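Trainee: I would like to learn how to read a fold from its strands outwards. Could you take me through one case, step by step?

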Amino acid sequence: MTIKLFELSGSDPERRFSPYCWAIRMALAHKGLDVQTIPWRFMDRDVLAPSGQTKVPVLVHGDKWLSESWDIANYLEQTFPDRPTLFGGPQGTALSKFYCNFAVVMASQAIRMILVDIYDHLTETDKPYFRESREQRFGMSLEQVVADRESKLQPFRDGLMPLRMTLKQQEFFGGDQPLYADYALFGVFQWARCISPFELLAADDPVALWRTRLLNAFNGLAQSAPGYD
Ligand SMILES: N[C@@H](CCC(=O)N[C@@H](CS)C(=O)NCC(=O)O)C(=O)O
């Protein structure tokens with residue numbers, strides 16, 4: 001049964017840039033599942049109607065339409081229990097929630113540095129919606145949000161200290177192999193990499209070294225995606 005995944009894309013349909021879609025792409029690869037990915041844009045609302053959602057990722061498996069990255073990851077874990085685990089059992093599932101929430105916080109900070117880069121990569125059809133909805137959210141223009149973005153970099157990097165300390169002690173948050181916790185966090189860096197030339201990490205940061213390990217995972221699945229290196 002073919003698995004389909006709707007992924008946010010820019011004007012170049014190959015440029016996929018949602019942190020949550022990337023977490024699911026990596027989770028599918030971890031499970032060794034084939035997937036047909038479908039580029040989706042903000043104004044393609046009707047396409048997602050069967051899911052009752054207006055956001056991606058949306059995964060279609062048979063007659064099931066699933067949304068919310070956390071729910072999709074759990075669905076994959078429960079539906080394919082004989083494949084490599086994404087969570088390492090119920091306790092690992094509970095702990096993974098923290099990493100997913102940490103990723104949301106990271107994304108909410110990173111977007112203040114890459115918002116205009118996202119806008120620049122959108123179709124002309126998506127641009128007005130994106131500008132209006134995000135300017136309403138931030139209460140200022142897109143350009144004002146990212147103004148002086150260099151000053152936001154160090155506080156962002158400082159906030160990664162718990163990740164950095166952990167990655168000095170082990171290769172992945174899952175231990176010697178990645179788990180969904182890794183993919184949830186990695187999704188944020190891959191989102192930024194796919195859409196913006198603005199480098200979030202210093203090259204010698206243990207977090208950057210971990211990111212490289214995940215870029216190379218699954219035969220370079222993430223590395224080969226259009227992005228900025
Ligand atoms: N909590 C959701 C968040 C999904 C989400 O925010 N998706 C964004 C792309 S990164 C989206 O589709 N936004 C549509 C819009 O803003 O209209 C998840 O984890 O799947």
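Mentor: Let us begin with strand pairing, keeping in mind that this is a predicted model. Strand β1 (residues 3-8) is joined by five bridges to strand β2 (residues 36-40), and the two run parallel. To place that pairing residue by residue, take E7, whose bridge partner in β2 is P39.

Trainee: In which sense does β1 pair with β3, and over how many bridges?

Mentor: The pairing of β1 with β3 (residues 58-61) is antiparallel and extends over four bridges, with F6 having V58 as its bridge partner in β3.

Trainee: What handedness does the β-α-β unit have, and which elements make it?

Mentor: The unit consists of β1, helix α1 (residues 19-30) and β2, and it is right-handed.

Trainee: How many helices and strands does the protein have in total?

Mentor: There are nine helices and four strands, and along the sequence they follow the order β-α-β-β-β-α-α-α-α-α-α-α-α. The radius of gyration is 17 Å, close to the 17 Å that the globule rule gives for 229 residues, so the protein is as compact as a globular protein of that length. Along the principal axes, the C-alpha atoms fill a box of roughly 50 × 45 × 30 Å.

Trainee: What share of the contacts joins residues at least 24 apart in sequence?

Mentor: If one considers the contacts between residues at least 6 apart in sequence, 72% of them join residues at least 24 apart. As for burial, 34% of the 229 residues count as buried.

Trainee: Which residues touch the most other members of the largest nonpolar core?

Mentor: The general idea is that in soluble globular proteins nonpolar side chains tend to be buried together. Here the largest nonpolar core has 55 residues, of which A23, I24, A27, Y180, V188 and A192 touch the most other members. Several elements each supply at least two residues of this core, including β1, α1, β3, α3 (90-120) and α9 (206-220), while the largest share, 12 residues, comes from α8.

Trainee: Where does this core lie with respect to the two domains, and why?

Mentor: Domain 1 (3-79) and domain 2 (90-220) both contribute residues to the core, so the core lies between them. For a single-residue view, consider V188: leaving aside residues up to four places away in sequence, V188 touches P19, A103, M106, A107 and A110.

Notes. Residues numbered from 1 in each chain as written. Predicted model: local features only at pLDDT ≥ 70, side-chain atom pairs only at ≥ 80, totals over all residues. Pairing = 2+ DSSP bridges. Right-handed = clockwise from strand over helix to strand, strands pointing away. Rg over C-alpha atoms; globule rule 2.2 N^0.38 Å. Buried ≥ 20, exposed ≤ 12 C-beta atoms within 10 Å, placed from the backbone. Contact = placed C-beta atoms within 7 Å. Core = buried A, V, L, I, M, F, W, Y, C linked by C-beta atoms within 7 Å. Domains from an automatic or database assignment.
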